[in-house]
Amino acid sequence: MEKMVLKNGLLPVPHVIDIHKRKGKYMSQNITTKTLNIGGMTCVNCESKIERRLKNIEGIINVKVNYSKGTAVITYDSSITSI
């Protein structure tokens with residue numbers, strides 16, 4: 001089995017797709033990753049809260065919110081949800 005290496009706290013997209021295909025969850029070729037700027041975060045608790053809420057949205061595959069940079073990197077199935 002190939003060793004998976006995290007990059008910036010995220011699995012590389014091919015590994016994420018493979019994991020979800022094995023689970024039977026995301027079979028789509030419409031996997032998209034976007035980086036969004038997020039304003040108004042005042043602490044790392046905001047970071048955690050935003051990350052948890054985004055991960056609960058159907059079609060979201062992976063989320064990494066960074067309080068210090070004010071960004072969220074979101075990998076999602078665009079045939080299920082949009083950003």
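**Close-up views of a predicted protein chain**

**View 1. K34 in strand 1 and the residues it touches.** K34 is partly exposed, with a relative accessible area of 33%, and this residue is found in strand 1. The model shown here, and in every view that follows, is a predicted one. Although K34 and I74 are 40 residues apart in sequence, their C-alpha atoms are 5.4 Å apart in space. I74 is also one of the residues that K34 touches, and when residues up to four places away in sequence are left out, the list of partners is A72, V73, I74, Y76 and I83.

**View 2. The whole chain, as a setting for the close-ups.** The protein chain contains 2 helices and 3 strands, and a reader who follows the sequence meets them in the pattern α-β-α-β-β. Of its 83 residues, 31% count as buried, while the chain exposes about 5,700 Å², of which carbon and sulfur atoms supply 50%. Among the contacts between residues at least 6 apart in sequence, 53% join residues that are at least 24 apart. The mean pLDDT of the chain is 76, with 66% of the residues reaching 70 or more. Over residues 1-7, however, the pLDDT is below 50, and this stretch has 7 contacts in the model beyond near neighbours in sequence.

**View 3. The largest nonpolar core.** Which residues form the largest nonpolar core? This core has 8 residues, namely M41, L54, I60, V63, V65, A72, I74 and Y76. The elements that give two or more residues to the core are strand 2, which covers residues 60-66, and strand 3, which covers residues 71-77. In soluble globular proteins, nonpolar side chains tend to be buried together. Two members of the core, I74 and Y76, are also among the residues touched by K34, the strand 1 residue of the opening view.

**View 4. M41 and its contacts.** M41, which belongs to the largest nonpolar core, touches C46, E47, I50, V65, N66, Y67, G70 and T71 when residues up to four places away in sequence are not counted. One of these partners, V65, is itself a member of that core.

**View 5. T42 in a loop.** The place of T42 is in the loop between strand 1, residues 31-37, and helix 2, residues 44-55. Is T42 buried or exposed? With a relative accessible area of 59%, T42 is exposed, because the limit for that word is over 50%. Although their positions lie 25 residues apart along the chain, as sequence separation is counted, the C-alpha atoms of T42 and Y67 are separated by 7.9 Å.

**View 6. Two cysteines without a disulfide.** How many disulfides does the structure hold? The structure holds 0 disulfides, and the pair C43 and C46 shows why: the sulfur of C43 is 3.9 Å from the closest cysteine sulfur, in C46, which is too far for a bond. The cut-off needed for this step is that the two sulfur atoms must be within 2.5 Å. Seen from the other side, C46 is in no disulfide, and its nearest cysteine sulfur is that of C43. C43 counts as partly exposed at 28% relative accessibility, and C46 also counts as partly exposed, at 21%.

**View 7. The salt bridge between E51 and K55.** The structure holds 1 salt bridge, and in it E51 pairs with K55, the closest N and O atoms being 3.6 Å apart. This distance can count as a salt bridge because the cut-off is within 4 Å. E51 and K55 are 4 residues apart in helix 2, so they are separated by about one helical turn. E51 is buried, with a relative accessible area of 15%, whereas K55 counts as partly exposed at 43% relative accessibility.

**View 8. R52 in helix 2 and N62 in strand 2.** R52 lies in helix 2 and is exposed, with a relative accessible area of 52%. The C-alpha atoms of R52 and K64, which are 12 residues apart along the chain, are separated by 9.7 Å. The place of N62 is in strand 2, and this residue counts as buried at 15% relative accessibility, because buried means under 20%. N62 and T33 are 29 residues apart along the chain, and their C-alpha atoms are separated by 8.9 Å.

Notes
Residues numbered from 1 in each chain as written. Predicted model: local features only at pLDDT ≥ 70, side-chain atom pairs only at ≥ 80, totals over all residues. Heavy atoms only, no water. Buried < 20%, exposed > 50% of the residue type's maximum accessible area, 1.4 Å probe, protein only. Contact = heavy atoms within 4.5 Å. Areas by Shrake-Rupley, 256 points an atom, 1.4 Å probe, with all protein chains shown as cover. Salt bridge = Lys/Arg side-chain N within 4 Å of Asp/Glu carboxyl O. Core = buried A, V, L, I, M, F, W, Y, C linked by side-chain atoms within 4.5 Å. pLDDT = per-residue confidence, 0-100.
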